[in-house]
Amino acid sequence: MSDVTTISVGEDYDVLVGHGVSSRVAEQLPEGVARVLVVHGAPLAALAEPVISSLRASGLEVHVAAVPDAEAAKTVEVAAGLWSTMGVAGFTRSDAVVAVGGGSVTDLGGWAAAAWLRGVAVVHVPTTVLGMVDAAVGGKTGINTAEGKNLVGAFHTPHAVLCDLDHLATLPPADLSAGLAEVVKGGFIADPRILEIVEADESGVQEPGSAALREAIERKIAVKAQVVAADLKESHLREILNYGHTLGHAIEHHEGYRMRHGEAVAIGMVFAAEVAHRTGRIDAALLERHRYVLGLLGLPTTYSGASFDELLVALRRDKKTRGSTLRFVVLGGLAEPTRLEGPDEGLLREAYAALA
């Protein structure tokens, strides 16, 4: 596979990007693995089957768990079902989990692996743009609760991540575009070349198999790999990856997770840009560039589905909040992310009103 790109996340693990790389899943497992639990989204049985077959052909004992689609998978009940499967099968600390699917499946599979016997190996095979550039890379795992998104979880570094570009051919266009919101985020916080790729060829970057899409994906993975390698547990630098997520997660929660993650993050990035502009950190041109680039991809840049007071409850539960102090990731300029702590609530209300 000469077209495989390897992106190292520090010295911990590699992310392989290319066509057909999911067939290499067995060789990416740690030595000594005897049993593997393959977790996949229920609609993705056809994508998971080659992975399952390759593992069995390698002589491994393979167990399979199909889980609900999207955020419905990320519950304690679904996670408990995975632990039950591993318990009945006699999984030990030398066994492993392979998660095949979008970001929700890798979040869930990683969390199940992190908690089982206090940690077994996990290999991610993300099948969406969002999974490839964000959820599967970085070692964040988690499930949702009634109170909010990803409030329960753990940092659990994967053993490897296999981004098979062939999987994107089956991805609905709306899901591909939503995943590109996370790619664009990387452009605003670290690598402006990503924005130039979208601006130069917005149609090409939304075409599975295109060189533009591959370059954008690889660049975003490289951004995340560099940040995660420097700050695995989000003690400082890694918080910049939450650009657009503070309001985005609040909107997702309010919408009952019916809105795509990338769509909510797109709105959240425009909100963060409004806040940064109103505090004198960025100029009007950079604020407008947010709306322009996201609009090229057909992503939402306005929102009026909730009052600010309704979202404020979820904002106060955000993992960046300290005590009663709200904290936001904003830009001080292009590719210059910084934190804004305790902004005036009136300013936040004005920024939110601008979204309508």
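## Glu71 and its surroundings

Glu71 has a relative accessibility of 15%, so this residue counts as buried, the cut-off for buried being under 20%. Keep in mind that this is a predicted model. Glu71 sits in the loop that runs between β4 (61–67) and α2 (76–89).

What does Glu71 touch once residues up to four places away in sequence are set aside? The list is Ser104, Asn144, Lys149 and Tyr257. With Ser104 there is also a polar contact, side chain to side chain, at 3.4 Å.

## Lys74, in that loop too

Lys74 is another residue of the loop between β4 and α2. Is Lys74 buried or exposed? Its relative accessibility is 1%, so Lys74 counts as buried.

Leaving out neighbours within four places in sequence, Lys74 is in contact with Ser104, Asp107, Gly142, Ile143, Asn144, Lys149 and Asn150. Ser104, Asn144 and Lys149 turn up among the contacts of Glu71 as well.

## What the record says

UniProt, in an unreviewed entry, has a "binding site" annotation that takes in both Glu71 and Lys74. Asp69, Ala70, Ala72, Ala73, Thr127, Thr128, Lys140 and Lys149 are also covered by that annotation. Lys149, as it happens, is in the contact lists of Glu71 and Lys74.

The unreviewed entry in UniProt also lists residues 66–176 as "domain: 3-dehydroquinate synthase N-terminal". In the model, that span is 34% helix and 30% strand, and its end C-alpha atoms lie 22 Å apart.

## Asp134 among lysines

Asp134 belongs to helix α4, residues 129–135. With a relative accessible area of 12%, Asp134 is buried, since buried means under 20%. Beyond residues up to four places away in sequence, Asp134 touches Lys185, Lys220 and Lys224, plus Glu182.

## Two positive phi angles

Most residues other than glycine have a negative phi. Arg118 goes the other way, with a positive phi of about 65°. Where is Arg118? Look in the loop between α3 (103–115) and β6 (121–126). Its relative accessible area is 75%, so Arg118 is exposed.

Tyr257 is not a glycine either, and its phi is positive, near 60°. Tyr257 lies in the loop between α8 and α9, and we have already met this residue as a contact of Glu71.

## A cavity, and Pro343

How many cavities of 30 Å³ or more does the structure hold? There are two. The second largest has a volume of about 40 Å³. Its lining consists of Asn242, Tyr243, Gly244, His245, Thr246, Leu247, Gly268, Phe271, Ala272, Phe328 and Val329. At least two lining residues come from each of α8 (245–254), α9 (261–278) and β10 (327–331). By type, the lining splits into six nonpolar residues, five polar and no charged.

Phe328 links this cavity's lining to Pro343, which touches Phe328, Leu326 and Leu348 when residues up to four places away in sequence are not counted. Pro343 itself is in the loop between β11 (337–341) and α12 (345–354). At 15% relative accessibility, Pro343 is under the 20% cut-off and therefore counts as buried. Pro343 and Leu326 are 17 residues apart along the chain, with a C-alpha to C-alpha distance of 7.2 Å.

How values were computed. Residues numbered from 1 in each chain as written. Predicted model: local features only at pLDDT ≥ 70, side-chain atom pairs only at ≥ 80, totals over all residues. Heavy atoms only, no water. Helix = DSSP H or I, 4+ residues; strand = E, 2+ residues; numbered from the N terminus. Buried < 20%, exposed > 50% of the residue type's maximum accessible area, 1.4 Å probe, protein only. Contact = heavy atoms within 4.5 Å. UniProt positions renumbered as here; feature names shortened; annotations may be inferred. Polar contact = N/O pair within 3.5 Å; in protein donor to acceptor, adjacent residues only side chain to side chain. 1 Å grid on protein atoms, 1.4 Å probe; cavity = no way out; pocket = protein on both sides within 12 Å on 5 of 7 lines; lining within 4 Å. Points joined across faces, edges and corners; volume = space filled by probe spheres on them. Nonpolar A, V, L, I, M, F, W, Y, C, P; charged D, E, K, R; others polar.
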